[in-house]
Amino acid sequence: MDREFIASEITAALRAHDKPRLSILRQVKNEIDIKEKEERRELTPEEVVSALKKVLKQTGETLEGSIKVGTDEERSALLAGQVAILEGYLPEQVTGEALEAVVARVLEAEGITEKREMGRAIGLVSAECGGNCDKAEVARIVGGRLG
């Protein structure tokens, strides 16, 4: 996924008159623009996915707050739809047996056997998965193997 892909998706949303998709994709594009200005270079595909994840996290937090307050169901529904849209653009998460296999491979390759190296192991597993894994789940699996 890169900047051009996001731009083409914005164009498609414009043509389809899909306002929720258009709005959230514009937020992603804005985040990409900010990062590119800070870095003074074009973002890599991994950094574009990172920007998308940041907008997803912010939107999810706003949704949680909106649900807790419980004042505007229409706004909560819109935010939930936008969260679903963003999740559709993310690469599939590594979970279950595949994640356990990655953890086993990383622990063996790095020779990690002690619980005090858990943070390093989680970072290595996350990098191996390209950041497409739940770190809490990784921590649970690593802790079970080291503990």
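What follows is a short tutorial dialogue on reading features of a predicted model.

User: Let's start with empty space. How do I get at pockets, and what is the volume of the largest pocket here?

Analyst: The general idea is simple: roll a probe the size of a water molecule over the atoms, and you see where empty space is left. In this predicted model, the largest pocket comes out at a volume of about 280 Å³.

User: Which residues line the largest pocket?

Analyst: Go along the chain and you'll pick up Glu46, Val49 and Lys53, then Pro91 and Gln93, then Ser126, and finally the run Gly130, Gly131, Asn132, Cys133, Asp134 and Lys135. By character, the lining splits into three nonpolar, five polar and four charged residues. Helix α3, residues 45–69, gives the most to the lining, with three residues.

User: Asn132 is on that list. Where is asparagine 132 found, and is it buried or exposed?

Analyst: Asparagine 132 belongs to the loop between α6 (118–128) and α7 (135–146). Its relative accessibility is 11%, so it counts as buried, the cut-off being under 20%.

User: What does the side chain of asparagine 132 make a polar contact with?

Analyst: Its partner is the side chain of lysine 53, at 3.4 Å. Lys53 also lines the largest pocket, along with Asn132. If you skip residues up to four places away in sequence, asparagine 132 touches Lys53, Pro91, Glu92, Gln93 and Val94. Pro91 and Gln93 turn up in the pocket lining too.

User: Now the hydrophobic side of things. How many residues has the largest nonpolar core?

Analyst: For a core, you look for buried nonpolar residues joined through their side chains. Here the largest one has 22 residues, and those with the most contacts inside it are Ile6, Val28, Ile32, Leu52 and Leu86. Helices α1 (3–16), α2 (19–39), α3 and α4 (73–89) each supply at least two residues of this core. α3 gives the most, with seven residues. Apart from this core lies another, of 17 residues, among them Val103, Ala121, Val125 and Ile141.

User: Can we zoom in on the 22-residue core? What is valine 28 in contact with?

Analyst: Leaving out neighbours within four places in sequence, valine 28 is in contact with Ile6, Leu52, Val55 and Leu86. Ile6, Leu52 and Leu86 are themselves among the residues with the most contacts inside the core.

User: And from the other end, what does isoleucine 6 touch?

Analyst: Isoleucine 6 lies in helix α1 and is buried, with a relative accessible area of 1%. Not counting residues up to four places away in sequence, it touches Met1, Leu25, Val28, Lys29, Ile32 and Val48. Take Lys29 from that set: the C-alpha atoms of isoleucine 6 and lysine 29 are separated by 6.9 Å, with their positions 23 residues apart along the chain.

User: Where else can I compare chain distance with distance in space?

Analyst: Try threonine 11, found in helix α1. Threonine 11 and leucine 22 are 11 residues apart in sequence and 8.4 Å apart in space, C-alpha to C-alpha. Threonine 11 is partly exposed, at 33% relative accessible area. Glutamate 87, in helix α4, is partly exposed as well, at 47%. The C-alpha atoms of glutamate 87 and leucine 56 are 7.5 Å apart, and the two are 31 residues apart along the chain.

User: What about a buried polar side chain? What does glutamine 82 reach?

Analyst: Glutamine 82 is found in helix α4 and is buried, with a relative accessible area of 4%. Its side chain reaches the backbone oxygen of proline 20 at 3.4 Å. Setting aside neighbours within four places in sequence, glutamine 82 is in contact with Pro20, Ser23, Ile24 and Thr59.

User: Last one: backbone angles. What is phi of histidine 17 near?

Analyst: For phi, check the sign and whether the residue is a glycine. Phi of histidine 17 is near 55°, a positive value in a residue other than glycine. Histidine 17 sits in the loop between α1 and α2 and is exposed, at 69% relative accessible area. Arginine 40 also has a positive phi, of about 60°, and is not a glycine. Arginine 40 is in the loop between α2 and α3. Arginine 40 counts as exposed because its relative accessibility is 77%, over 50%.

How values were computed. Residues are numbered from 1 along each chain as its sequence is written. This is a predicted model: local features need pLDDT of at least 70, side-chain atom pairs count only at pLDDT 80 or more; totals for chains, interfaces and linings use all residues. Side-chain values use heavy atoms; hydrogens and water are left out. On a 1 Å grid over the protein atoms alone, a cavity is a set of points where a 1.4 Å probe fits but cannot get out, and a pocket is an open set with protein on both sides within 12 Å along at least five of seven lines; lining residues have an atom within 4 Å of a point. Grid points are joined across faces, edges and corners, and a volume is the space filled by probe spheres set on the points. Helices (H or I, at least four residues) and strands (E, at least two) are DSSP runs, numbered from the N terminus. Ala, Val, Leu, Ile, Met, Phe, Trp, Tyr, Cys and Pro count as nonpolar, Asp, Glu, Lys and Arg as charged, and the others, Gly among them, as polar. A nonpolar core is a set of buried Ala, Val, Leu, Ile, Met, Phe, Trp, Tyr and Cys residues joined through side-chain atoms within 4.5 Å. Buried means under 20% relative accessible area, exposed over 50%, partly exposed in between (1.4 Å probe, protein chains only). Contact means heavy atoms within 4.5 Å. A polar contact is a pair of N or O atoms within 3.5 Å; within protein, one must be able to donate a hydrogen and the other to accept it, and residues adjacent in sequence count only if both atoms are side-chain atoms.
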